[in-house]
Amino acid sequence: MEKKNDFKPFIPADKVLPEFTLTSVILGMILAVIFGGANAYLGLRVGMTVSASIPAAVISMGVIRMILKKDSILENNMVQTIGSAGESLAAGAIFTIPAIFIWASEKGSGVSAPSFVSIALIALCGGILGVLFMVPLRTALIVEEHGTLPYPEGTACAEVLLAGEQGGSKSKVVFAGLGIAAVYKFIADGLKLFPSEVQFSMQGNYTTSVGMDVLPALAGVGYICGAQVSSYIFAGGVLSYLVLIPAIAYFGGDSVSKVVDEAGKALAFNQLSASQIWSNYVRYIGAGAVAAGGLISLIKTFPTMVKTFGHAMKGFGKTGDSQLRTQQDLSMKVVLGGVLIIAVLIWLLPEIPVSLLGALMIVVFGFFFATVSSRMVGIVGSSNNPVSGMAIATLIVTTFILKATGNTGATGMVSAISIGTVICIIAAMAGDTSQDLKTGYIVGATPRLQQIGELIGAIVAAFAIGGVMYLLNAAWGFGSDQIPAPQATLMKMVVEGVMGGTLPWVLIFMGAFIAIVVEILGIPVLAFSIGLYLPIYLSAPIMVGGVIRWFVDNKRKYDSDKARKDGSDRGVLYAAGMIAGEGIVGILLAVLAVFNVADKIDLSSVYGGTFETTGNWVGLVAFIVLLATLFYFTRNKKTIEVDAEK
């Protein structure tokens with residue numbers, strides 16, 4: 001591979017600017033908690049998370065440049081480095097840990113809910129290992145393959161930081177999205193002046209249910225993903241709700257299903273509602289599709305994995321030797337010593353239910369998937385990194401190994417999820433670290449200081465995630481309508497299926513073969529499978545956001561192509577703010593629910609007995625108004641400035 005040693009960063013190596021300062025560390029820690037909590041809420045609700053690097057960078061520019069009147073690109077880069085660590089750690093934790101809570105809520109499972117300390121320590125170990133495993137990969141992936149691996153989000157974040165040298169006004173767009181979405185969310189789910197989910201159901205000859213969650217975060221996710229990805233997700237929802245559910249009700253007819261009513265009497269298929277058919281049958285088909293999609297993605301990228309692993313081995317010793325500021329990494333003594341200490345702590349700490357064998361598997365699988373993840377995000381970006389697929393593969397292998405060594409039952413299942421959690425966090429953190437290091441490489445940051453910043457962000461976020469998880473579970477319970485925790489539910493089903501053979505394998509294989517057909521047709525299988533697995537109420541508003549992005553990018557009239565790109569980019573920033581705003585208020589409402597305040601501010605009684613009918617239409621109108629604000633912030637910048645002057 002040709003080395004790109006002629007690259008010159010924005011800040012030269014011989015120039016020293018404020019970087020690892022008290023301001024950047026404190027602001028980064030605050031954003032790590034905020035974006036970590038917001039992404040935890042979003043991921044537990046829809047099974048997806050979004051990158052926080054660019055929003056964190058924009059907010060940093062707004063605070064440091066506009067408020068503190070300082071001009072330091074390296075401080076801004078440090079803020080986004082620390083802040084984005086919270087989002088990545090949350091993504092790894094929420095895909096797995098809630099499975100243990102769900103087991104604990106089931107009678108006779110023999111599983112106890114993990115303590116706050118246990119969650120924090122598991123997340124902390126995974127976060128630290130993810131950063132440390134990436135350190136020896138930086139030279140091979142970031143430096144030697146600069147110009148070969150694009151690292152889309154890392155490069156985009158660098159462009160935002162470079163643009164910020166000319167002004168930090170873009171942060172106003174993020175804060176506008178955050179504030180409007182926060183107010184909207186509080187009115188909908190706090191005051192309950194309109195329902196956050198509108199739906200229209202049919203039962204009988206054609207049993208189905210359609211509708212959408214009229215919430216800002218989902219529309220924001222759709223806008224950021226774009227029309228194409230959103231359409232794949234929505235297509236899965238259409239197949240689930242408009243094909244599979246009616247087919248099961250129709251072909252089942254008067255036959256008795258496994259669903260019983262309140263009196264314990266088994267119901268016929270044509271007596272089931274759409275939600276009952278989805279939760280008892282279609283969900284398993286979706287789980288099979290997601291599992292197969294994850295494995296297909298891993299198989300397709302296996303050559304890349306092998307190549308990456310080889311490059312990583314060649315570049316393993318190339319750290320910490322350079323005297324140039326922009327080439328200094330944490331020393332290999334710190335990296336190897338840290339990995340050894342964390343591995344021993346995973347084995348010995350009673351709060352982490354993992355044996356010596358499990359600790360060894362974490363180190364081996366963890367470094368392998370950290371290597372894979374770091375290169376994969378360099379190609380497809382963090383948003384498309386198949387972390388869940390890696391987690392599924394890990395859970396299948398580790399559960400088989402644990403079962404073969406006699407570690408079965410509740411203990412074995414909890415151990416498998418714990419191992420999977422650490423590895424999932426490692427993969428997510430390694431991917432985020434590589435993107436941040438790419439940003440730093442372009443702007444001229446000090447890698448060693450960035451790596452320390454990632455560790456700080458991981459430590460802060462680990463304890464914040466434990467609190468957020470306990471809060472959300474206490475308020476609504478994982479697996480509920482409010483926080484279905486789709487990825488964690490899938491991981492739970494995988495472990496149960498391997499350990500005890502309790503899965504309805506016919507439905508699982510149906511989903512797997514649907515995924516294979518989708519792959520043959522050339523459709524991105526993971527996005528489609530996630531749509532098949534999630535309720536259509538979640539994929540529909542994502543599709544709406546994607547359609548708005550398509551209109552803004554292709555149909556809206558602008559003065560120039562640059563104005564079009566600026567409008568689209570402002571929409572991304574506003575959408576990121578919408579996601580953060582809803583996530584923050586979602587956590588606030590969870591606090592109110594825990595302290596029994598939520599019912600006291602419930603104003604749904606103003607509808608009398610028509611909240612579910614009249615409220616549906618009010619909710620749709622409110623959602624249209626919300627979407628109009630998104631259109632507003634994608635307008636021609638000159639028009640916005642004229643309006644502001646007026």
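The exercises below work through a predicted model of one protein, each with a solution in steps.

**Exercise 1. Overall make-up**

Describe the secondary structure of the protein, the share of its residues that count as buried, and the reach of its contacts along the sequence.

Solution. Begin with the elements: the protein has 24 helices and four strands. Next take burial, for which the chain of 646 residues gives a share of 60% counted as buried. Then turn to contacts between residues at least 6 apart in sequence, where 82% join residues at least 24 apart. Finally, the accessible surface of the protein comes to about 25000 Å², and 66% of this area belongs to carbon and sulfur atoms.

**Exercise 2. The nonpolar cores**

Identify the residues of the largest nonpolar core that touch the most other members, and state which helix gives the most to this core.

Solution. The largest nonpolar core holds 140 residues, and those touching the most other members are Leu89, Leu129, Ile346 and Ile362. Helix H16, which spans residues 409–443, gives the most to this core, with 15 residues. Apart from it lies another core, of 51 residues, including Met61, Ala181, Tyr223 and Ala580. To see the surroundings of one member, set aside residues up to four places away in sequence: Leu89 then touches Ala123, Gly127, Ile425, Met429, Ala458, Ala461, Ala462 and Ile465.

**Exercise 3. Burial within two helices**

Decide whether Thr439 is buried or exposed, and then examine how helix H20 is placed in the rest of the structure.

Solution. Thr439 is found in helix H16. Because its relative accessibility is 0%, and buried means under 20%, Thr439 counts as buried. Leaving aside neighbours within four places in sequence, Thr439 is in contact with Asn77, Gln80, Gly154, Cys157, Ala158 and Leu161. For helix H20, residues 525–533, the tally is nine buried residues of nine, and therefore the helix is largely enclosed by the rest of the structure. Among the buried residues of H20 are Phe528, Ser529, Gly531 and Tyr533.

**Exercise 4. Salt bridges across the sequence**

Find salt bridges that link distant parts of the chain, and state for each pair whether its residues are buried or partly exposed.

Solution. A search of the whole structure finds seven salt bridges. Consider first Arg325 and Glu19, whose closest N and O atoms are 4.0 Å apart. Arg325 lies in the loop between helix H12 and helix H13, while Glu19 lies in the segment before helix H1, so the pair ties together parts that are 306 residues apart in sequence. Both Arg325 and Glu19 are buried.

Consider next Glu106 and Lys492, whose side chains meet in a salt bridge at 3.2 Å, N to O. Glu106 is in the loop between helix H4 and helix H5, and Lys492 is in helix H18, 386 residues apart. Glu106 counts as partly exposed at 32% relative accessibility, whereas Lys492 counts as buried at 9%. Glu106 and Lys492 are also linked with Glu496 in a network of salt bridges.

Consider last Glu582 and Lys185, with 3.8 Å between the closest N and O atoms. Glu582 belongs to helix H22 and Lys185 to helix H8, and 397 residues separate them in sequence. Glu582 is buried, with a relative accessible area of 1%, and Lys185 is likewise counted as buried at 1% relative accessibility.

**Exercise 5. Strands, phi values and a surface patch**

Work out how strands S3 and S4 pair, locate two residues with positive phi, and list the members of the nonpolar surface patch.

Solution. Strand S3 (residues 256–260) and strand S4 (residues 266–268) run antiparallel and are joined by two bridges. Val256 stands opposite Ala268 in S4. The hairpin of S3 and S4 has five residues between the strands, and Gly264 in this hairpin takes a positive phi near 90 degrees.

Most residues other than glycine have a negative phi. Lys192 has a positive phi, near 55 degrees, and is not a glycine. Lys192 is found in the loop between helix H8 and strand S1, and is partly exposed, with a relative accessible area of 31%.

The patch is formed by Phe200, Met202, Tyr206, Val210, Leu242, Val243 and Trp617, with about 640 Å² of accessible area together. S1 and helix H10 each supply at least two residues of the nonpolar patch. Val210 lies in strand S2 and counts as partly exposed at 30% relative accessibility.

Methods:
Residues are numbered from 1 along each chain as its sequence is written. This is a predicted model: local features need pLDDT of at least 70, side-chain atom pairs count only at pLDDT 80 or more; totals for chains, interfaces and linings use all residues. Side-chain values use heavy atoms; hydrogens and water are left out. A nonpolar core is a set of buried Ala, Val, Leu, Ile, Met, Phe, Trp, Tyr and Cys residues joined through side-chain atoms within 4.5 Å. Buried means under 20% relative accessible area, exposed over 50%, partly exposed in between (1.4 Å probe, protein chains only). Contact means heavy atoms within 4.5 Å. Patches are made of residues with over 30% relative accessible area and no salt bridge: like charges are joined within 9 Å, nonpolar side chains (Val, Leu, Ile, Met, Phe, Trp, Tyr) within 5 Å. Accessible areas come from the Shrake-Rupley method with a 1.4 Å probe; for residues, only the protein chains shown count as cover. Two strands pair if DSSP finds at least two bridges between them.
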